[in-house]
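Biologist: Could you take me through this model? I have some questions on its charged and aromatic side chains.

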Amino acid sequence: MVGRLDRFTVLVYRMPAKPTAARVAVWRHLKKIGAIYLQQSVCVFPSTSTLRKELAPIMQRIAAGKGEFHLLPMRSLDEAEASKLIQQFQNQTSNHYQEIIENCEVNFTKEIEFETFRKNFTYEEAEEIRAEFEKIVEWYDRVLRRDWFGAPNRAQAKEWLKRCKTMLEEFEARVFDRQEKMGTDAVSAVATRKRKRRPRLIVTSKADSRTG
């Protein structure tokens, strides 16, 4: 990331009250790139070239919605004010990490425990659980890209991802073992049925010859 994390930029914008969808879209995109709101329609973010590029389409959306904006650099913050902003960024990112932790701890873990209890060791279930895990990983990666100042629970979120990966791999191994066993059992069952059918076919053939 090119830029200085000890410098910030403020975006002040105004949009018509209607349609609401346009205002919500701008708010959603600003939150997505990691901005924090100081008050309504006033947000701040680190001054980096990456963020400035991501801001360009948002400002275009503001203009397209008949709004207006000012992009103002903040270059002379004292240490106390800079610390306040950094703390807000850390708190915001920490909340995202906490959501990931809770998702891993509650939803993902319980899902695997429930399917294990049901002995639902199917390929389809394993694929569904893996898809959920990949969504959590993508979520973590998005938050990590916005973790400019090192949120305190980053390590905890990363550790939970490792736990989830281990649980997933163990579940997939059980699915594989079950499928392997079912394949062997199926072959044995077919062979047994064939062995049982041969005597009956011979008996039937003799009976037919007698009736003929």
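Modeller: Gladly. Let us begin with Arg14, which counts as exposed at 55% relative accessibility. Please keep in mind that this is a predicted model.

Biologist: Which side chain does Arg14 meet in a salt bridge?

Modeller: Its partner is Glu68, with a distance of 2.5 Å from N to O. Arg14 belongs to strand E1 and Glu68 to strand E4 (residues 68-74), so this salt bridge ties together parts that are 54 residues apart in sequence.

Biologist: Is Glu68 buried or partly exposed?

Modeller: Glu68 is partly exposed, its relative accessible area being 41%.

Biologist: How many salt bridges are there in total?

Modeller: The count comes to eight salt bridges. One of them is formed by Lys84 and Glu81, whose side chains meet at 3.2 Å, N to O.

Biologist: Where do Lys84 and Glu81 lie?

Modeller: Both are in helix H3, and three residues, about one turn of the helix, separate them. Lys84 counts as partly exposed at 49% relative accessibility. Glu81 is also partly exposed, with a relative accessible area of 34%.

Biologist: And what does Arg130 pair with?

Modeller: Arg130 forms a salt bridge with Glu172, and the closest N and O atoms are 2.6 Å apart. Here helix H4 provides Arg130 and helix H5 provides Glu172, so the pair ties together parts that are 42 residues apart in sequence.

Biologist: How accessible are Arg130 and Glu172?

Modeller: Arg130 has a relative accessible area of 24% and is partly exposed. Glu172, at 22% relative accessibility, counts as partly exposed. Buried would require a value under 20%.

Biologist: Let me step back to the overall layout. What is the order of the elements?

Modeller: Starting at the N terminus, the chain runs β-α-β-β-α-β-α-α-α. That gives five helices and four strands.

Biologist: What share of the chain is buried?

Modeller: Of the 212 residues in the chain, 31% are buried.

Biologist: On to the aromatic residues, then. How many aromatic pairs does the structure hold?

Modeller: There are seven aromatic pairs. One of them joins Phe8 and Phe89 in a stacked arrangement, with 6.1 Å centre to centre and 10° between the planes. This pair links distant parts of the chain, since Phe8 is in strand E1 (residues 3-14) and Phe89 is in helix H3 (residues 79-117), 81 residues apart.

Biologist: Why do Phe8 and Phe89 count as buried?

Modeller: The cut-off for buried is a relative accessible area under 20%. Phe8 has 1% relative accessibility, so it counts as buried. Phe89 is buried as well, with a relative accessible area of 1%.

Biologist: What about the rings of Phe121 and Phe171: how are they arranged?

Modeller: Their centres are 5.5 Å apart and their planes stand at 55°, so the pair is tilted. This pair also links distant parts of the chain: Phe121 is in the loop between H3 and H4, while Phe171 is in helix H5 (residues 154-211), 50 residues apart. Both Phe121 and Phe171 are buried.

Biologist: Which residues do ring pairs link into a cluster?

Modeller: The cluster consists of Phe8, Phe89, Trp148 and Phe149. The stacked pair described earlier, Phe8 and Phe89, is therefore contained in it.

Biologist: Now the surface. Which residues form the positive patch?

Modeller: The positive surface patch is formed by Arg28, Lys32, Arg61, Arg142 and Arg145. Helix H1 (20-32) and helix H4 each supply at least two residues of this patch. Arg142, for instance, lies in helix H4; at 41% relative accessibility, Arg142 counts as partly exposed.

Biologist: And where is negative charge gathered on the surface?

Modeller: A patch of negative charge brings together Glu124, Glu127, Glu134, Glu138 and Asp141.

Biologist: Which helix holds Asp141, and is Asp141 buried or partly exposed?

Modeller: Asp141 is placed in helix H4 (residues 123-145). With a relative accessible area of 33%, Asp141 is partly exposed. Helix H4 thus holds Asp141 of the negative patch and Arg142 of the positive one.

How values were computed:
Residues numbered from 1 in each chain as written. Predicted model: local features only at pLDDT ≥ 70, side-chain atom pairs only at ≥ 80, totals over all residues. Heavy atoms only, no water. Patch = residues over 30% accessible without salt bridge, like charges linked within 9 Å, V, L, I, M, F, W, Y side chains within 5 Å. Areas by Shrake-Rupley, 256 points an atom, 1.4 Å probe, with all protein chains shown as cover. Salt bridge = Lys/Arg side-chain N within 4 Å of Asp/Glu carboxyl O. Lys, Arg positive; Asp, Glu negative; His and termini not counted. Charge placed at Lys NZ, Arg CZ, Asp CG, Glu CD. Buried < 20%, exposed > 50% of the residue type's maximum accessible area, 1.4 Å probe, protein only. Phe/Tyr/Trp six-rings, centres within 6.5 Å; stacked < 30°, edge-to-face > 60°.
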